[in-house]
Structures are given as C-alpha cells and as structure tokens.
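Take a look at the structure below. This report walks through two helices, two residues and two pockets.

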Amino acid sequence: MPQVDAGQPLSRAARLAATALAKRWRLPRALGPARVLRDVAVPMRDGASLRADVHLPPTVGPHPTVLLRSPYGRGPQFAVTMAVPYAERGYAVVLQSVRGTFGSGGDFAPVVNEEHDGQDTVAWLRDQPWFDGRLATLGPSYLGYTQWALALDPPPELKAMVLHIGPHDLAQAGLVDGAFQLTNLAIWTELVAHQERFGAIRGTARLMTAERRLAPHLHRLPLQGLAERFGGNPAPWFDEWLAHPDLDDPYWDRYRATPAVHSSTVPTLLIGGWQDWFLEQTLHQYAVLRDRGVDVGLTVGPWAHLTIDAAVTTPESLAWLNTHLPVEGTQPIRRPDRVRVHVTGARAWRGMDDWPPPTTDRTWYLAGSGALRDDPPAEPDATSFRHDPVDPTPSVGGRVLARSAGRRDNRRLEARDDVRTFTTAPLTQPVELLGGATVRLCLTSDNPYADVFVRLCDVDSRGRSVNVTDRLVRLDPAEGEEPVVGERLVETTLPDTAHRFLAGHRLRLQVSGGAHPRYARNLGTGEPPGQGTHGVPVTHRIGHGGASASSVTLPLG
C-alpha cells in the first residue's frame with residue numbers, strides 16, 4: 001500500500017510564514033503542511049556531491065517534481081517563498097545548492113558547470129521514490145540560467161519551465177550595450193563573495209546597502225583588482241570579465257546557454273520587469289519561442305530585479321505548473337492571455353495576444369532651446385555638451401541591482417551641465433508607448449572613444465521627470481575600423497516598455513555622455529576597460545535642423 005513520504009515537519013515559524021504568505025498572495029488552498037528531507041547528497045559525474053533539501057507534499061507519492069538550482073542557499077527565507085508554496089499544493093520541490101556553495105562540493109564558477117550538474121541531478125531524480133517522472137524547473141535570476149542550461153539537452157521528463165527575471169547569456173548580461181555593467185556585476189560579485197559569512201537577515205541588509213557601501217570602490221581606477229578590494233571569498237571571474245570586453249571572444253562561449261532558446265520545445269512561462277537587468281533577454285526568449293510555435297507565456301511587471309512581486313509571480317507560476325504537470329484532484333487554470341503586461345503611467349495590467357502589439361509610429365524632432373516638436377526645424381541648429389570621464393555623469397535609477405533601481409526623479413541629474421534635455425509641450429491627449437522607441441541623433445564628437453546615453457522620461461505637471469526606458473550607445477571604433485571624428489548618424493532602439501504618458505504630461509528625451517557607475521565609464525582613451533587610469537573628455541554636438549534632423553519615434557497603441 002502506498003505510504004506518505006518520510007521527512008521532517010517544517011518549523012512552526014516556517015508554517016506560520018507560509019500560511020500568511022499564501023493568504024497575502026491569494027494562493028489556492030493548501031493540501032496540508034509540507035515536510036522536508038534536509039541536506040540530501042546528490043552525486044555528480046566527477047565525484048563531487050551537491051547538497052539539496054527536498055520539500056514534500058502532505059499527500060501520498062510519487063509526485064510531480066519542481067527543481068530549483070541556486071547559488072544563494074537553502075535557508076528559511078528562500079525555502080518559505082520559493083519551495084513551500086508549491087510543496088503544500090502537491091509538488092515535490094528539490095532546492096539544490098549549486099557547486100561550491102552552501103555545502104555542495106567543488107568550486108563555484110558562475111554558470112559554467114550548470115549544464116552537466118543539472119543533467120546529473122536529473123539522473124539522480126530518476127531513482128527517487130517520491131519522483132513520478134514529471135519534472136518542471138523554476139526560479140529567478142541565476143536560477144533562470146540553470147534552467148536554460150538544463151534545456152541545452154532537455155531530459156524527456158522535463159514538462160515545463162518557469163523563469164523569473166532569468167538570463168540565458170551571462171556574457172550579454174555583463175556587457176549590456178557593449179559596456180561593462182559595473183554596478184550590477186560589482187554588487188553581485190560582492191554578494192557571492194560574502195553570502196556564506198552572514199545570516200539571511202544581515203545578508204539582505206548588506207545587499208540593500210551594497211550600492212552605497214561599494215560606491216567609493218567603483219569610482220577608483222583602475223578597475224582591475226576591484227573584487228579583491230571587496231574582500232570575502234575569491235572572485236577571480238571579475239577581473240577575467242573585465243579583460244574580455246569583446247562579446248565575440250570565444251572566451252564567453254561557456255557563459256552562454258543561447259542554443260537552448262533556439263531548440264527547446266518545453267512549455268515555458270517567462271516573467272520579467274520593465275526595469276529588470278535581464279529584460280531584453282526575457283523578451284528575446286519570448287520572441288524566439290513564440291516564432292518556433294512553443295507554448296510560451298509572458299508576464300512583464302513594473303519591477304526592477306530586486307522588486308519582483310511574488311503576489312503576482314507565485315499564483316501565475318502555480319497555474320502554469322498545474323496546467324503542464326497537473327496535481328491529482330486539482331483543476332488546471334488556463335492563462336486567459338498569452339501576454340500580460342503592466343502599463344506604467346496607467347498603473348494597470350493588460351492582457352494581449354502577443355508582444356509587441358500592433359502600433360502606429362509618431363515622431364518628434366529635436367529643436368533649439370530644448371524642445372521636441374512635431375515638425376523638423378527648417379534652419380540648421382545644434383546643441384553641445386561636454387562629458388568628462390574624470391567627473392562622469394552619474395546614473396540614476398534604471399536597470400540596476402540596487403534599491404535605487406527603477407523609475408526615479410531625474411531633475412537633479414538633468415540640472416547638470418553635462419546633460420541635455422528635449423521636451424514636448426504638455427500633451428492634450430494621453431499617448432501610450434507599447435514597444436521600443438527609436439532615437440536618431442546627428443552627432444559630432446571630437447573624441448572617437450566616447451559614449452552617448454539616451455533616456456526617455458515622463459514629466460508630470462509639477463515638473464517631476466521620471467525615467468521610462470534608456471540605452472547607452474558606445475561609439476568606439478571596432479577593431480580594425482578607422483576612428484570617426486565628425487558628424488555621424490547614431491540610431492538606436494530603446495528597450496521595450498509599456499507606458500502611458502497622461503494628458504498634461506510631457507515627453508522628454510535626455511541625452512548625456514554616460515551613466516556611471518551603472519555602466520563603467522568610457523575613459524576616452526581606447527584602453528581596455530580594466531586598465532585605464534586617466535580620462536580624456538569629449539564634446540558632443542547634436543544637430544537638429546535642416547539636413548541634420550534628430551528625432552525620437554514612439555510606437556503608440
């Protein structure tokens with residue numbers, strides 16, 4: 001006769017926390033309290049042993065199983081939010097510490113071992129009495145990459161994937177827009193280097209204060225050796241990444257699971273945020289899977305990487321799992337729409353058949369005195385500014401791994417001498433941006449080694465300017481190219497978003513020479529990014545009249 005699986009009951013505090021979260025998140029009724037098998041050894045092909053906690057349902061097994069592979073530990077804070085809600089509703093949940101973290105054997109090296117270690121974990125799963133042969137993967141951020149790594153050669157048991165704010169290409173994540181992601185990579189490296197030295201509460205506090213604590217280090221030159229100044233466990237990858245600024249370098253191949261996006265047929269739910277570090281990878285994953293006819297869902301909220309809302313993501317994840325790995329006695333809940341996005345500005349969720357939806361383009365033209373107009377100026381004109389990498393233009397908000405991320409007031413930034421803005425008259429009717437805005441600048445620069453940072457903002461009736469979407473453009477000549485000094489057309493499409501500019505508000509295009517330390521500053525010397533010790537300024541001239549028409553085009557719904 002089948003027996004309920006063994007395991008220890010959760011602590012009273014964990015049970016109370018899980019109950020409170022389930023009520024707050026409006027989850028389906030639990031089948032009963034979960035139990036846990038702690039510190040289970042999972043053998044790898046090279047003899048290493050990875051440690052896992054297995055959270056089991058209260059029902060008789062075997063069970064559909066959810067695998068989470070994480071470098072961030074298996075403590076109560078993570079387990080209560082990412083494992084217990086699923087275990088209490090019929091799923092066995094394996095929460096595993098990846099190689100070299102929290103008791104797992106071997107040495108930690110970011111993502112490079114996840115393909116084989118994931119396959120070995122599934123091989124172990126096949127022999128477990130509580131596993132019914134149906135597998136799903138789940139998790140945010142790094143845990144998203146581990147899912148794509150497993151999908152490089154997906155096991156037949158894999159029936160669904162649920163990725164929250166997860167990348168498939170760590171190289172692209174580290175060099176967004178071709179520039180080293182200094183804030184994000186420094187904060188993440190410092191987190192990993194110290195996380196096993198502190199408890200969950202102190203570790204969370206350190207993460208929330210990391211931007212302020214690390215700021216002095218991020219302003220020093222050279223950047224090479226920065227991770228050593230953080231202390232903690234060795235993080236040799238940081239200097240290696242600095243030394244490989246070319247995304248086409250074969251060095252980066254081991255940091256990519258991109259082929260899985262182009263080959264996987266596993267039903268996949270993708271959850272992202274308009275201000276998340278990995279937004280563009282999430283949207284790319286969706287587009288590729290959709291185009292290949294894979295069963296894929298997409299939810300994009302207003303969130304940054306650290307502010308994703310579990311009250312939205314947990315019910316949606318459970319519904320996806322229960323559709324593709326149904327639990328006996330429960331009723332699957334189908335997504336009403338393939339795509340669900342939060343429209344910032346309108347503060348509303350909207351269901352859609354696809355992303356991006358059908359739109360109509362509208363163009364505004366840059367003009368003198370900082371204006372954005374419906375028609376291009378007839379007479380030639382220009383606006384200039386000087387960027388000094390020794391006193392770099394600071395980054396404000398945006399897609400960073402920090403408390404300051406997301407949509408922020410830009411007025412102090414826009415008051416600087418090295419920032420220029422171009423603004424419409426107050427809108428008589430609301431306009432809704434659904435997709436990626438395109439910026440075209442007729443630009444003349446006196447230093448070929450330079451950047452341009454462009455940002456779209458929403459200015460309310462009180463003059464508060466809040467960022468909506470942005471991108472950095474690196475102007476450096478590619479290897480073998482001649483440096484360009486003189487006028488050029490710089491055209492770039494900003495990351496997609498869904499935002500309503502209300503009537504009475506104004507659109508603003510903000511232009512500067514950088515956003516430090518979010519992006520490592522371009523020192524203007526052409527030196528490798530980790531080695532430079534001094535900077536050379538650049539003066540940019542934006543043409544906006546006559547034959548030199550600069551513009552911003554929005555796809556409007």
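## Helix 7 and its cover

This is a predicted model. Begin with what surrounds helix 7. The cover over its buried residues includes helix 5 (142–151), helix 6 (170–174), helix 8 (200–218), helix 9 (226–230) and helix 10 (237–242). Twelve of the 13 residues of helix 7 are buried, so the helix is largely enclosed by the rest of the structure. Among the buried ones are Leu182, Asn184, Ile187, Trp188, Glu190 and His194.

Does the length fit? Helix 7 runs over residues 182–194. At 1.5 Å a residue, its 13 residues should span 18 Å. The end C-alpha atoms are 18 Å apart, which agrees.

## Thr183, a residue of helix 7

Thr183 is found in helix 7. Is Thr183 buried or exposed? Its relative accessible area is 3%, and buried means under 20%, so Thr183 is buried.

Which residues does Thr183 touch, leaving aside its neighbours within four places in sequence? They are Leu218, Val400, Pro517 and Arg518. With Pro517 there is also a polar contact. A polar atom of the Thr183 side chain lies 2.9 Å from the backbone oxygen of Pro517.

## Tyr142, a residue of helix 5

Helix 5 is part of the cover of helix 7. Tyr142 has its place in helix 5. Tyr142 is buried too, with a relative accessible area of 6%.

Leaving aside neighbours within four places in sequence, Tyr142 is in contact with nine residues that include Pro71, Tyr72, Phe108, Val111, Glu114 and Trp188. Trp188 is one of the buried residues of helix 7. A polar atom of the Tyr142 side chain lies 2.9 Å from the backbone nitrogen of Val111. Leu456 is another matter. Tyr142 and Leu456 are 314 residues apart in sequence, and their C-alpha atoms are 29 Å apart in space.

## Helix 4

Glu114, a contact of Tyr142, is one of the buried residues of helix 4. Helix 4 covers residues 114–125. Its twelve residues reach 16 Å from first C-alpha to last, close to the 16 Å expected at 1.5 Å a residue.

How many residues of helix 4 are buried? Nine of the twelve are, and the helix is mostly covered. Asp117, Gln119, Val122 and Trp124 are among the buried ones. What covers them? The list includes helix 5 and five strands: strand 2 (35–43), strand 3 (49–56), strand 4 (63–70), strand 5 (92–97) and strand 6 (131–140).

## The largest pocket

Now turn to open space. The largest pocket holds about 1400 Å³. Its lining has 50 residues, and Tyr72, Gln77, Phe78, Thr204 and Leu207 lie nearest its centre. Two or more lining residues come from each of helix 2 (76–82), helix 5, helix 6, helix 7, helix 8 and helix 13 (310–324). Helix 8 gives the largest share, seven residues.

What kinds of residue line this pocket? The lining divides into 30 nonpolar, 15 polar and five charged residues. Tyr72, one of the residues nearest the centre, is also in contact with Tyr142.

## The second largest pocket

The second largest pocket holds about 780 Å³. It is lined by 28 residues, and the closest to its centre are Gly178, Pro245, Arg474, Asp476 and Pro529. This lining divides into 15 nonpolar, six polar and seven charged residues.

How values were computed: Residues numbered from 1 in each chain as written. Predicted model: local features only at pLDDT ≥ 70, side-chain atom pairs only at ≥ 80, totals over all residues. Heavy atoms only, no water. Helix = DSSP H or I, 4+ residues; strand = E, 2+ residues; numbered from the N terminus. Expected span 1.5 Å × (residues − 1). Buried < 20%, exposed > 50% of the residue type's maximum accessible area, 1.4 Å probe, protein only. Contact = heavy atoms within 4.5 Å. 1 Å grid on protein atoms, 1.4 Å probe; cavity = no way out; pocket = protein on both sides within 12 Å on 5 of 7 lines; lining within 4 Å. Points joined across faces, edges and corners; volume = space filled by probe spheres on them. Nonpolar A, V, L, I, M, F, W, Y, C, P; charged D, E, K, R; others polar. Polar contact = N/O pair within 3.5 Å; in protein donor to acceptor, adjacent residues only side chain to side chain.
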